[in-house]
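Here is a short report for a reader who is new to this structure. Please look at the sequence and the model before reading on.

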Protein chains: 2
Amino acid sequence: MTPTRPTQAVPNTTVAEILERAREAVLPAMRQAVGQLAPNIRQLVSYHLGWADAEGHPCSAPAGKGIRPALAILSAEAAWADPQVGVPGGAAVELVHNFSLVHDDLMDGDLERHHRPTVWALWGTGAAVVVGDALATMATQVLLSTPNPAAPAAAAALSEATAEMIAGQADDLAFESRRSVSVEECMAMSTAKTGALLGCAASIGAILAGAPPATVRALRDYGRHLGVAFQAVDDLLGIWGDPATTGKPVGNDLRQRKKSMPVVAALAAGDDEAKELGQLLTAEEPLTQEQVERATWLVEACGGRDWTAARAKAHLDSALGCLERARLSAVPRRALADFAVYVVERES
Amino acid sequence: MTPTRPTQAVPNTTVAEILERAREAVLPAMRQAVGQLAPNIRQLVSYHLGWADAEGHPCSAPAGKGIRPALAILSAEAAWADPQVGVPGGAAVELVHNFSLVHDDLMDGDLERHHRPTVWALWGTGAAVVVGDALATMATQVLLSTPNPAAPAAAAALSEATAEMIAGQADDLAFESRRSVSVEECMAMSTAKTGALLGCAASIGAILAGAPPATVRALRDYGRHLGVAFQAVDDLLGIWGDPATTGKPVGNDLRQRKKSMPVVAALAAGDDEAKELGQLLTAEEPLTQEQVERATWLVEACGGRDWTAARAKAHLDSALGCLERARLSAVPRRALADFAVYVVERES
């Protein structure tokens, strides 16, 4: 397969076009990396990525939007490099992202992703553990086999972000069985769980381009704020999103008693409705459909929905501020800004 | 904590002394790495490593022998470097080894290790997944934060070995539900699962010492053969070992229907006793204690025990041959040879 050379960012490109261009640019690197996995692991990874069905026959199933590869490529261009420079970074971050999805689905007991059974649901715990482990390891291999003198620094940045993401996931897991979680703890968890890897995606292209530390830092901070905004929107969609669009069952997060931003903010209101919500979410028995609906109403009545939407907007503004601060190439800077707005306005 | 400077290898040191010296040399680097983990992950890692009890109180519980750190340090010295040069490699390989133990215990459903409950048995699936992920990531961080120009090459070698180990674990898992596994498949799995990481341990010190490729290759091949010999002995102990010494229940491997070397070799005998063994190991119901004892007898009667012991001896000889081939410093070369003999003669 001949690697596709990504076209450069041009003015007035839509976010859909940016995502499409990044997916195409990173796909050959992803295919090459996955092709190096042992056959029995490769088959499960191909299924997870939407490239094959459960029997291993090639298909084109719905998968992720590819937000991280797009950020990695724009980040290289924002640092005045060729988009191709960001490709190994985009592939590596996407591999880490997918490792986290496979392990998270197992830990959260989620049966479906993008309307398809998850890896653990189809093949069991052991398979999901192994597939995630293989993806995480391959991410480091992709970067450390890249003939770019900045590749070890990029690998170090990715490891650091991965460690932070794992710590965030550990907190998220611990919060589910805790009675109370403060708003600060919840925001710190979201920054670690989602912000760290988006911060890495948004700066790894600049690292590979050999950009100065201040540029790398500004792009990383942009990505971290974007990540928190992204998580806020994800948490809103996890309660009020349209299941047909998000691919997740309605009320899923409440049913799992996830201490997501809207819930934590609502519980912090401290009034009678917050107390009722707290009782619902700490009951021994699984929630009925009616209770899930009542909890949904209570979260909104306690201001959890508005508060979370305001956090999304505030972190979007901070992300845009980081772009203004940095010395970046104009066209990719504009694309990164459009990207941030898209992330907050998306409905899936 | 002031890092302990490891003493250099001296003639006529026993293997117990070599292991002790390596444990002491690598401990500060391990403590520093674990200290950087998020508190809720750190507590579980400290428990797993035998540094703390389940409540987080410091203790000194039995843990691994530290074979991999010892190999890493001897490998630096064999390449005429200071033992300290091998320390980050020893710590990183030990972290990867422990990541694999935590995930393997979960995948295999093992409830105890070193006479203590395993991480998943105490804290559940999610915790075990997260702890393993954090250890694996920390291994890369340790190497990529080492101020040694050869550190990225060491990290690349470790990632490659980790990927091979994971593929071996995937095969091991798949073999349990397969009716038949060939002797060749079983040996390839053991080479991947155990040989790859021991090969990395035995060469990573030389990589960090900037040794020529031929030296690195010879040490890696020594470690790979040692790994297969180690696995052969492990498989023998998994059936005939003294539970008081190994820390694992008797007949554990047979009860789990593990396609370990003795079993696969016995099944390959093809006679009536092999057929009886095959029927026992494919029965729907869990094996009774009597059936486990019968299976143990059958594996021996079919020659599985002798065959495996012969493989251990053959790979020991190959390992020693690799040491002869390479241009190595004499004292650590002698220690590496003693080490290989110890691994094959050990009883736990």
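The report below covers symmetry, the interface, helix packing and some backbone details.

**Symmetry**

This is a predicted model. Two copies of a chain are related by a rotation about an axis and a shift along it. Here, chain A falls on chain B after a rotation of 180°, with 0.0 Å of shift along the axis. The RMSD of that superposition is 0.0 Å. The two copies are thus related as by a two-fold rotation axis. Both copies use the same surface, since 97% of the contact residues of chain A recur in chain B. Which residue of chain A comes closest to the rotation axis? That is Pro152(A), whose C-alpha lies at 3.0 Å.

**The interface**

How many residues of each chain are in contact? Chain A gives 33 residues, and these touch 32 residues of chain B. Four helices of chain A give two or more residues each to this side: H2 (39–48), H4 (87–108), H6 (125–144) and H7 (151–176). The largest share comes from H7(A), with 14 residues. By class, the side of chain A that touches chain B has 19 nonpolar, 11 polar and 3 charged residues.

**Helix packing in chain A**

Two packed helices are described by the angle between their axes and the distance between the axes. The table gives these values for two pairs.

| Helix pair | Angle | Axis distance |
|---|---|---|
| H3(A) and H4(A) | about 155° | 8 Å |
| H1(A) and H3(A) | about 90° | 8 Å |

Take H3(A), residues 67–78, and its partner H4(A). An angle over 145 degrees counts as roughly antiparallel. H3(A) and H4(A), at about 155°, are therefore roughly antiparallel to each other. Their crossing is right-handed. On the H3(A) side, the contact is made by Arg68(A), Pro69(A), Ala72(A) and Ile73(A). They meet residues of H4(A), including Val87(A), Val93(A), Glu94(A) and His97(A). Gly89(A) and Gly90(A) of H4(A) also take part. By class, this contact has 5 nonpolar, 3 polar and 2 charged residues.

H1(A), residues 15–35, also packs on H3(A). At an angle of about 90°, H1(A) is roughly perpendicular to H3(A). Ile18(A), Leu19(A), Ala22(A), Arg23(A), Ala25(A) and Val26(A) of H1(A) meet Pro69(A), Ala70(A) and Ile73(A) of H3(A). This contact has 8 nonpolar residues, no polar ones and 1 charged.

**Helix H2 of chain B**

Which residues of H2(B) are buried? They are Ile41(B), Leu44(B), Val45(B), Ser46(B), Tyr47(B) and His48(B). These buried residues pack against H1, H4, H5 and H6 of chain B. They also pack against H7 of chain A. After H2(B) comes Gly50(B), with a positive phi near 85°.

**Two histidines with positive phi**

Most residues other than glycine have a negative phi. His114(B) has a positive phi of about 50° although it is not a glycine. His115(B) has a positive phi too, of about 65°. His114(B) sits in the loop between strand E1 (112–113) and strand E2 (116–117) of chain B. His115(B) is found in the loop between E1 and E2 of chain B.

Why does His114(B) count as partly exposed? His114(B) has 15 C-beta neighbours inside 10 Å, and partly exposed residues fall between the limits of 12 or fewer for exposed and 20 or more for buried. His115(B) has 12 such neighbours, so it counts as exposed.

How values were computed. Residues are numbered from 1 along each chain as its sequence is written. Chains are lettered from A and ligands numbered from 1 in the order in which they are written. This is a predicted model: local features need pLDDT of at least 70, side-chain atom pairs count only at pLDDT 80 or more; totals for chains, interfaces and linings use all residues. Copies are superposed by least squares on the C-alpha atoms of residues with pLDDT of at least 70 in both. Two residues are in contact if their C-beta atoms, placed from the backbone, lie within 7 Å. Ala, Val, Leu, Ile, Met, Phe, Trp, Tyr, Cys and Pro count as nonpolar, Asp, Glu, Lys and Arg as charged, and the others, Gly among them, as polar. Axes are lines fitted to C-alpha atoms, for helices over the stretch in contact, and angles run from 0 to 180 degrees between N-to-C directions. Angles under 35 degrees count as roughly parallel, over 145 as roughly antiparallel, 65 to 115 as roughly perpendicular and the rest as oblique. A crossing is left-handed if the near helix is turned anticlockwise from the far one by less than a right angle, and right-handed if clockwise.
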